[in-house]
Amino acid sequence: MKIAIIGAQGVGKTTLAKQINEHYPDFKILPEAARLAKEAGYNLDKTATTKTEHWLIAKQIELENMEGKWVADRSCIDLLAYIHHLFSKESALIEFANKTLASRFSNYDLVLYLPSGEFLIEDDGVRTTDIKFQQAINERIRDVLEKHEIPFVRIVGSPEERLAKVKNLLAFSRSV
């Protein structure tokens with residue numbers, strides 16, 4: 001089973017991925033491509049370049065090609081949303097990203113969408129803490145979900161409530 005946790009920066013994706021891994025250790029957590037990009041010296045978010053985005057596309061696909069059960073706290077869905085927001089005038093990048101990333105959406109067995117606005121954004125030294133940017137990315141993610149008719153489950157509440165919802169989903173999927 002492959003689980004994609006999607007949402008803008010600072011909505012609790014990493015926290016939920018770690019909780020899932022703690023309760024279901026057979027689910028490996030995929031590294032977040034954006035953090036790997038930062039470590040490799042690439043700029044992110046508002047200062048990202050087309051070179052950064054090409055690197056991120058290749059890295060995200062590499063990560064998601066991992067065999068076995070995994071949970072990703074970032075996915076091709078999020079990446080496409082960020083690219084559409086940051087590079088709307090870069091038609092070649094948009095076209096490449098649409099073609100390359102959208103074809104991978106059907107690989108997810110479960111998409112968990114965490115909307116923005118439930119928690120303050122913690123400064124992790126990697127992502128921006130700009131709330132307006134977070135809200136704009138949230139809207140782009142919703143656009144991608146709608147345009148590509150991606151089935152998803154909206155997960156809200158405290159971290160404990162979110163985990164309980166995921167546990168119920170996983171229990172249901174295992175019984176089907």
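Two strands are counted as a pair when DSSP finds at least two bridges between them, and I begin there because the first thing I would like to show you is a strand pair of exactly that kind. In this model, which is a predicted one, strand 1, residues 2-6, and strand 4 run parallel and are joined by four bridges. If you would like one position to look at while I talk, take I5, whose bridge partner in strand 4 is L112.

Strand 4 has a second neighbour, since two bridges join it to strand 5, residues 153-154, and these strands also run parallel. On that side, Y113 stands opposite R154 in strand 5. Stepping back to the whole sheet, we have five strands in an open arrangement, in the order 2-3-1-4-5, with parallel pairing. Strand 2, residues 28-30, and strand 5 stand at the edges with a single partner strand each, and therefore one side of each has no neighbour in the sheet.

Let me stay with strand 4 for a moment. In a regular strand, side chains alternate between the two faces of the sheet. Here, in residues 110-113, L110 and L112 point one way while V111 and Y113 point the other way, and all of them are buried. As for the connection onwards, strand 4, helix 6, which covers residues 131-147, and strand 5 together make a β-α-β unit that is right-handed.

That brings me to the nonpolar core. In soluble globular proteins, nonpolar side chains tend to be buried together. The largest nonpolar core in this model has 39 residues, and the ones with the most contacts inside it are I6, I57, I77, I83, L101, F105 and Y108. Several elements each supply at least two residues of this core, including strand 1, strand 3, strand 4, helix 5 and helix 6, and the largest share, seven residues, comes from helix 4.

From that group I would single out L101, which is found in helix 5 and is buried, with a relative accessible area of 0%. Its C-alpha atom is separated by 9.3 Å from that of S75, although the two residues are 26 apart along the chain.

Now to the empty space, where I will keep the enclosed and the open kind apart. How many cavities of 30 Å³ or more does a search of the whole structure find? The search finds one, and about 120 Å³ of space lies in the largest cavity. Among the residues that line this cavity are A33, D45, L56, R74, Y82 and R127, and the elements that give two or more residues to the lining are helix 2, helix 3 and helix 4. By residue class, the lining divides into seven nonpolar, one polar and four charged.

The largest pocket, by contrast with the cavity an open space, has a volume of about 430 Å³. Of the 21 residues that line the pocket, G10, V11, G12, K13 and T15 are the closest to its centre. Helix 1, residues 13-23, and helix 7, residues 159-175, are the elements that give two or more residues to the pocket lining, and helix 1 gives the most, with five. The pocket lining divides into six nonpolar, six polar and nine charged residues.

I will finish with two backbone positions that you may wish to inspect for yourselves. Most residues other than glycine have a negative phi. D45, which we have already met in the cavity lining, has a positive phi of about 55 degrees although it is not a glycine. D45 lies in the loop between helix 2 and helix 3, and it is buried, with a relative accessible area of 6%.

The other position is E149, again not a glycine, with a positive phi of about 50 degrees. E149 sits in the loop between helix 6 and strand 5. Is E149 buried or exposed? At a relative accessible area of 68%, E149 is exposed, whereas D45 is buried.

Terms used:
Residues numbered from 1 in each chain as written. Predicted model: local features only at pLDDT ≥ 70, side-chain atom pairs only at ≥ 80, totals over all residues. Heavy atoms only, no water. 1 Å grid on protein atoms, 1.4 Å probe; cavity = no way out; pocket = protein on both sides within 12 Å on 5 of 7 lines; lining within 4 Å. Points joined across faces, edges and corners; volume = space filled by probe spheres on them. Nonpolar A, V, L, I, M, F, W, Y, C, P; charged D, E, K, R; others polar. Buried < 20%, exposed > 50% of the residue type's maximum accessible area, 1.4 Å probe, protein only. Right-handed = clockwise from strand over helix to strand, strands pointing away. Core = buried A, V, L, I, M, F, W, Y, C linked by side-chain atoms within 4.5 Å.
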